[in-house]
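Hi everyone, thanks for coming along. Today I'd like to walk you through a structure that is new to most of us, so let's bring it up on the screen.

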Amino acid sequence: MTNDHRNTDFSSDEIRRQLRSVDRMNTSAMPQWRSALGRLFGDESISTEQRAVALGVPSPTRRDLFRMGGASILGAALLAACGDDDKSATTTAAPGDTVTPSDTPTTVPVNMDLVLAKTAASLEKLAVDAYGIAAGLITTPAILQAATMFAGHHQLHLDALNGVITGAGSTAVTEMNQAVFDALVKPALDAATTEADAVTIALTLEEAAAQTYVYAGGALSTPALRSTIMTIGGVEARHAAVLRMAALAQSPLDVFPDGRGFFPGDNPLAGIDGALITA
Amino acid sequence: MHITNRQFRALAAQVDELHRNNMKTFATEAADLHRDLHVRSSKAFKFDDQGIAGYAQSIELAAVAAYTAAAPALSAATLPVAELFMSHHQQHADAFGAVAGEMAVTAANAKLIAAVTPALQAITDEAGALEFAFALEGQAAYTYAAALTLLIDPAYAAATATILPIEAQHQVVLGLALGKDVAAVFPTDAFEAAALGDGSDPLKGLDPAVFAA
């Protein structure tokens, strides 16, 4: 195939650069696209006509709807999905036994989000480091394997939190929470001599981390952040349950001290000076 | 530097593959968004905090009913654990019901009960009962992770955040009791799922668009 060897004026390096650039642009644009649409359809004050303009599709109320091309179908489908539905009402729930609805939808300053995210990230780094240190005392292969897996989870959590942090224009957290290490972990590590000691340290950290996330789950300023943080918090609670049952041979009932049906949601770091990462 | 037509075709194929791959993502994103918007616009379900609390209450009551139905298959050693979990679900139902206002319910979620009845009726031994509960507890946890994306009032979110880890721990206990390995009690790996489904996927929460009355 002689044509295959015919030279052209394209630089392959340049094309590859362009391809990579397109890929990067697409990868970064898709989440923003979704977020933008979420905002577009979440704002009650934006009319269907305005949404149609923003999406670049004809308004469903207009006759030129029938002239839509395939590329416009999705936008129109989104409009149709939003439609003229009744908008969700402001929360007016009556006070209950365990939940007291807030007077205002948002009670925490937005910059507190960054404090909580950085603090959580510093705890994740602490967990990664602590598992690394404690591993020296763990002799049971299955427990060591679990500890290694949990350390991997914590690294993933750290990465995810740093994504949020850098996305907010701040610097990624790379150091463990020194205040919590000094107050809780170091004394226990210094005294630890057995595998059970090491697992107990890990359990303490996991339960503190889970509780921190539950606290943050009610304190962060947006639903998206609250959900994100609890997709991590639930896993920390799972870690704790595994450590109790599989590593410390406790009863299933011991996973729920005093039979508790609700995970504690008060701030476990409140009494530790410097535990909140504000810088 | 210049390229041949063959190289150019290869690069074009890369572009095409990129495009196709990105369209896959696009389709998934669009489908998720479409579902979210459809759910939010549903006239049949009030998607405010009270509506979500009422829905959660109905799911918790369904969990109580499911444990009750599965209890005869459990051994004396396992029954106390199931009873504890059942009491947790009743407490969760009470907590949600207390703040659901006019959206509070008085009965278990009928659609969920109908959906799980065949599986419940097929339970013949303890392992079957535990496996059923294992999946249901995971779906409950994922449902709450999804609910947190919608709850506006931080107080509702805070309460939901105290419940999600308990459901997750239930699943761990059940999984270990079944003899599953440690990795298996993290069905969605390092993060709880926040996706919703029609109940057939154990790795997704229970979609109100499917199960809400």
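Before we start, please keep in mind that this is a predicted model. Let's begin with the chains.

Chain A has eight helices and zero strands. Reading from the N terminus, its elements run α-α-α-α-α-α-α-α. What about chain B? Here we have seven helices and two strands. From the N terminus, the order is α-α-α-α-α-α-β-β-α, so do look out for that pair of β elements before the last α.

How much of each chain is buried? In chain A, 36% of the 279 residues count as buried. In chain B, buried residues make up 49% of the 213 residues. Now take the contacts with a separation of 6 or more. In chain A, 67% of those are between residues 24 or more positions apart, and in chain B the figure is 75%.

Let's move to the interior. Which residues have the most contacts inside the largest nonpolar core? The core has 124 residues, and the ones with the most contacts inside it are A:Ala120, A:Ala130, A:Ala202, A:Tyr213, B:Ala133 and B:Ala145. Helix α6 of chain B, residues 154-177, gives the most to this core, with 14 residues.

You can zoom in on one of those names, A:Ala130. Setting aside its neighbours within four places in sequence, A:Ala130 touches A:Val185, A:Ile201, A:Ala202 and A:Leu205. A:Ala202 is another name from the core list.

Next, the helix pairs. Two packed helices are described by the angle between their axes and the distance between the axes. I'll give you both for three pairs.

The first stop is in chain A: α7, residues 195-219, and α8, residues 223-247. Their axes come within 8 Å and cross at roughly 155°. Are they parallel or antiparallel? Because an angle over 145 degrees counts as roughly antiparallel, α7(A) is roughly antiparallel to α8(A). The crossing is left-handed. The residues making this contact include A:Ala202, A:Glu206, A:Ala209 and A:Tyr213 of α7(A), and A:Ile229, A:Gly233, A:Glu236 and A:Ala240 of α8(A). By class, the residues of this contact divide into 15 nonpolar, three polar and five charged. You may recognise A:Ala202 and A:Tyr213 from the core.

The second stop is in chain B: α5, residues 126-147, packs with α6(B) at an angle of about 155°, with axes 8 Å apart. That makes α5(B) roughly antiparallel to α6(B). This crossing, too, is left-handed. Among the residues that meet here are B:Ala133, B:Glu137, B:Ala141 and B:Ala145 in α5(B), and B:Ile163, B:Glu167, B:His170 and B:Leu174 in α6(B). The contact of α5(B) with α6(B) has 13 nonpolar, five polar and two charged residues. B:Ala133 and B:Ala145 were on the core list as well.

The third stop is also in chain B, with α2, residues 49-70, and α4, residues 110-121. They pack at an angle of about 20°, and their axes are 11 Å apart. That makes α2(B) roughly parallel to α4(B). Is the crossing left-handed or right-handed? For α2(B) and α4(B), it is right-handed. On the α2(B) side we find B:Ile59, B:Ala62, B:Ala65, B:Ala66, B:Ala69 and B:Ala70, and they meet B:Leu112, B:Ile113, B:Val116 and B:Leu120 in α4(B). By class, this contact has 10 nonpolar, no polar and no charged residues.

Finally, a few single residues in chain A. Most residues other than glycine have a negative phi. Which way does A:Ala249 go, positive or negative? Its phi is positive, near 55°. A:Ala249 lies in the segment after α8 of chain A, and it counts as exposed because it has 9 C-beta neighbours inside 10 Å. A:Asp258 is in the segment after α8 too, and has a positive phi of about 60°. With 6 C-beta neighbours inside 10 Å, A:Asp258 counts as exposed.

Last one: A:Thr139, in the loop between α4 and α5 of chain A. It has 10 C-beta neighbours inside 10 Å and so counts as exposed. A:Thr139 and A:Gly234 are 95 residues apart along the chain, and their C-alpha atoms are separated by 27 Å.

That's the tour. Thank you for listening!

Terms used:
Residues numbered from 1 in each chain as written. Chains lettered and ligands numbered in written order. Predicted model: local features only at pLDDT ≥ 70, side-chain atom pairs only at ≥ 80, totals over all residues. Axes fitted to C-alpha atoms, helices over the stretch in contact; angles between N-to-C directions. Helix = DSSP H or I, 4+ residues; strand = E, 2+ residues; numbered from the N terminus. Parallel < 35°, antiparallel > 145°, perpendicular 65-115°, else oblique. Left-handed = near helix turned anticlockwise from the far one by under 90°. Contact = placed C-beta atoms within 7 Å. Nonpolar A, V, L, I, M, F, W, Y, C, P; charged D, E, K, R; others polar. Buried ≥ 20, exposed ≤ 12 C-beta atoms within 10 Å, placed from the backbone. Core = buried A, V, L, I, M, F, W, Y, C linked by C-beta atoms within 7 Å.
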